[in-house]
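Q: Please walk me through the labels attached to this model, and explain how each one is earned.

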Amino acid sequence: MVAVTFTDNDLSTSALQTYTLTVGVGAGGAGKTLIFGVVQRDTSQSITVTAFTVDGIDATFLGIIQQNDGSNSTSLEQWGIQSDDLPDPSQVDVDLSITWSTTVLRMRVGVAVTDAPVSLTPHDTGTDAETGSASSFTLDNATFDVDTADGGCVVAFTGAAPSGTVSNAWTGPTEGFD
């Protein structure tokens with residue numbers, strides 16, 4: 001079984017279209033897969049990432065979940081890259097450049113690193129979004145049955161990028177960060 005470690009996360013509350021961040025990826029080293037979850041919050045609808053690079057190398061798009069409630073939107077995307085594709089697989093920090101389809105109010109990124117390479121082609125995905133107003137958006141009792149290929153792993157990100165307080169409660173998976 002592949003082990004997954006959540007290594008870092010970063011939040012920017014600056015309204016930008018392109019974010020440049022540095023995040024930690026643990027001990028670094030060859031033969032690992034880096035998986036990133038990025039979430040944005042804005043008043044525009046259907047915002048997506050148009051470019052995602054890790055140390056100047058294009059990452060692979062893995063999936064998206066969006067919530068548009070009329071006047072606000074939240075997008076959560078997953079992207080990945082093999083450590084062997086980086087200029088220096090042994091580094092402990094990587095530089096990210098994340099460009100959205102328009103300026104967003106704020107953005108957060110989380111990083112998960114596997115201890116062995118895994119495929120960047122999703123085997124199975126789970127999505128469950130509920131709609132509501134920006135002040136009362138909830139996702140209650142979301143459950144997913146997600147299968148993995150032999151030697152694979154499951155990485156789950158949930159996200160909200162509001163300006164207020166948000167709480168997420170997990171049952172089953174181990175939470176890496178809030």
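Q: What makes Phe 36, Phe 52, Phe 61 and Trp 79 a cluster?
A: In this predicted model, ring pairs link these four residues, Phe 36, Phe 52, Phe 61 and Trp 79, into a cluster. Rings of Phe, Tyr and Trp (the six-membered ring of Trp) pair if their centres lie within 6.5 Å, and the angle between the planes then gives the name: stacked under 30 degrees, edge-to-face over 60, and tilted for the rest. The structure holds three aromatic pairs.

Q: Why is the pair of Phe 36 and Phe 52 called tilted?
A: The ring centres of Phe 36 and Phe 52 are 5.4 Å apart with 45° between the planes, so the distance meets the limit for a pair and the angle is neither under 30 nor over 60 degrees. Phe 36 belongs to strand β3 (residues 33–42) and Phe 52 to strand β4, 16 residues apart, and the pair thereby links distant parts of the chain. A strand here is a DSSP run (E) of at least two residues, numbered from the N terminus.

Q: How do you know that Phe 36 and Phe 52 are buried?
A: Buried means under 20% relative accessible area, exposed over 50%, and partly exposed in between, with a 1.4 Å probe and protein chains only. Phe 36 has 0% and Phe 52 has 2%, so both count as buried.

Q: What makes the pair of Phe 61 and Trp 79 edge-to-face?
A: The planes of Phe 61 and Trp 79 stand at 70°, with 5.3 Å centre to centre, so the angle passes the edge-to-face limit and the distance passes the limit for pairing. This pair, too, links distant parts of the chain, with Phe 61 in strand β6 (residues 60–68) and Trp 79 in strand β7 (residues 73–82), 18 residues apart. At a relative accessible area of 8%, Trp 79 is buried, whereas Phe 61, at 40%, is partly exposed.

Q: Why is a set of residues called a nonpolar core?
A: The name applies because its members are buried Ala, Val, Leu, Ile, Met, Phe, Trp, Tyr and Cys residues joined through side-chain atoms within 4.5 Å. The largest one here has 24 residues, and Phe 36 and Phe 52 have the most contacts inside it. The elements giving two or more residues to this core are β2, β3, β4, β7, β8 and β9 (106–114), and the largest share, five residues, comes from β8.

Q: How do you know that β2 and β5 are edge strands?
A: Four strands form an open antiparallel sheet in the order β2-β8-β4-β5, and β2 (16–24) and β5 (57–58) each pair on one side only. Strands pair if DSSP finds at least two bridges between them; two bridges join β4 (residues 49–54) to β5, so that requirement is met.

Q: Why does Thr 99 count as buried?
A: Thr 99 has 17% relative accessibility, which is under the limit for a buried residue. The residue lies in strand β8 (residues 93–104), and its side chain makes a polar contact of 2.9 Å with that of Thr 18. The distance fits the definition, a pair of N or O atoms within 3.5 Å in which, within protein, one must be able to donate a hydrogen and the other to accept it, while residues adjacent in sequence count only if both atoms are side-chain atoms.

Q: What do the numbering and the values rest on?
A: Residues are numbered from 1 along each chain as its sequence is written, and side-chain values use heavy atoms, with hydrogens and water left out. Local features need pLDDT of at least 70, side-chain atom pairs count only at pLDDT 80 or more, and totals for chains, interfaces and linings use all residues.
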